[in-house]
Amino acid sequence: MDEQPESPDGVPLDERRGAGPHRGARRRALRDGHARMRLRLDAHPRLRLLYKIGVGVLGALIVVVGLILVPLPGPGWLVVFLGVAVLGTEFPAAHRITLWVRRLVGRARLRWRAWRVARSARRASSVKPSAAPSR
C-alpha cells in the first residue's frame, strides 16, 4: 500500500496549500511586484501622499465596520484587527499593534496545542484495560 506522508494535523503533505515545485514562486512574484510599486510611489511624493491617505481611509473604514460588528454575532474583532493590519502597511503604530496581536495569537495557539496534548495524555493514561477496544 502506497501511503502519502501526513503532516501533524493529519492532512497529506501533497494536499496542503502551496505544496509543489513552484511553492514560493507566487509569493515571490507578489513581493517583487509590491516592491516595484513602492519604488514608483517613492519617486512621486504627491502620489505617495495620495496612496497613504487612501490606505488610511480604507483601514479606518474597515476598523469602524469591525467595531460596529463587535456586538453582533460574527467575526467583529477579526475585522477590526484586519483593518489595523491594513493601516499597519503604512503607519508604524498600527504595525506595532499588528505585531503585538500576532504574538498574542501565537502564544494562545501554543497554549491550545499544549492543552490538547496534555488532555490526550490524560485520556490515554485513564483508559482501563477492559475498556480498550479489542483487535
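Select Thr98 first: this residue is buried, with a relative accessible area of 17%. The structure on display is a predicted model. Thr98 belongs to helix α4, which covers residues 92-126. Display the residues around Thr98 as well: leaving aside neighbours within four places in sequence, it is in contact with Val84 and Ala85.

**The whole chain**

Next, colour the chain by secondary structure. Four helices and zero strands appear in the protein chain, and reading along the sequence gives the pattern α-α-α-α. Show the accessible surface, which comes to about 11700 Å². Carbon and sulfur atoms account for 63% of that surface. Of the 135 residues in the chain, 16% are buried. Among contacts in the chain with a separation of 6 or more, 32% are between residues 24 or more positions apart.

**The nonpolar core**

Return to Val84 and select it together with Val63, Val80, Leu87 and Ala94. These five residues form the largest nonpolar core. Helix α3 (residues 76-88) supplies the largest share of this core, namely three residues.

Now centre the view on Val63. Not counting residues up to four places away in sequence, Val63 touches Val80, Gly83, Val84 and Leu87. Val63 is also one of the buried residues of helix α2, the next selection.

**Along helix α2**

Select residues 45-69, which make up helix α2. How far apart are the end C-alpha atoms of α2? They are 36 Å apart, and this agrees with expectation, because 25 residues at 1.5 Å a residue should span 36 Å.

Within α2, highlight the buried residues: Val55, Gly56, Gly59, Ile62, Val63 and Gly66. Which helix do the buried residues of α2 pack against? Their packing partner is α3.

Then move to Val64, also placed in helix α2. Val64 is partly exposed, with a relative accessible area of 45%. Draw a distance from the C-alpha atom of Val64 to that of Val79: the two residues are 15 residues apart in sequence and 9.1 Å apart in space.

Continue to Val57, which lies in helix α2 too. Is Val57 buried or exposed? Val57 counts as exposed, because its relative accessibility is 53% and the exposed class begins over 50%. Add Leu49 and Ile53 to the selection and show the surface: together with Val57, these residues make a nonpolar surface patch of about 290 Å².

**The salt bridges**

Hide the surface and turn to the charged residues. Side chains of opposite charge can pair when their charged atoms come close. A search of the whole structure finds three salt bridges.

Begin with Arg38, found in helix α1 (residues 25-43). Arg38 counts as buried because its relative accessible area is 18%, and the buried class is under 20%. Not counting residues up to four places away in sequence, Arg38 touches Arg48, Tyr51, Thr89 and Glu90.

Select Arg38 and Glu90 together. They form a salt bridge in which the closest N and O atoms are 2.6 Å apart. This pair links distant parts of the chain, as Arg38 is in helix α1 and Glu90 is in the loop between α3 and α4, 52 residues apart. Both partners are buried; for Glu90, the relative accessibility is 7%.

Keep Glu90 in view and add Arg48. A salt bridge joins Arg48 and Glu90, with the closest N and O atoms 2.9 Å apart. This pair also links distant parts of the chain: Arg48 is in helix α2, Glu90 is in the loop between α3 and α4, and their positions lie 42 residues apart in the numbering.

What is the exposure class of Arg48? Arg48 counts as partly exposed, at 22% relative accessibility.

Finally, add Asp42. Arg48 forms a salt bridge with Asp42, the closest N and O atoms being 3.4 Å apart. With Arg38, Asp42, Arg48 and Glu90 all selected, the view shows four residues linked in a network of salt bridges.

How values were computed. Residues are numbered from 1 along each chain as its sequence is written. This is a predicted model: local features need pLDDT of at least 70, side-chain atom pairs count only at pLDDT 80 or more; totals for chains, interfaces and linings use all residues. Side-chain values use heavy atoms; hydrogens and water are left out. A nonpolar core is a set of buried Ala, Val, Leu, Ile, Met, Phe, Trp, Tyr and Cys residues joined through side-chain atoms within 4.5 Å. Buried means under 20% relative accessible area, exposed over 50%, partly exposed in between (1.4 Å probe, protein chains only). Helices (H or I, at least four residues) and strands (E, at least two) are DSSP runs, numbered from the N terminus. Contact means heavy atoms within 4.5 Å. Accessible areas come from the Shrake-Rupley method with a 1.4 Å probe; for residues, only the protein chains shown count as cover. Patches are made of residues with over 30% relative accessible area and no salt bridge: like charges are joined within 9 Å, nonpolar side chains (Val, Leu, Ile, Met, Phe, Trp, Tyr) within 5 Å. A salt bridge is a side-chain nitrogen of Lys or Arg within 4 Å of a carboxyl oxygen of Asp or Glu. The expected span of a helix is 1.5 Å times one less than its number of residues.
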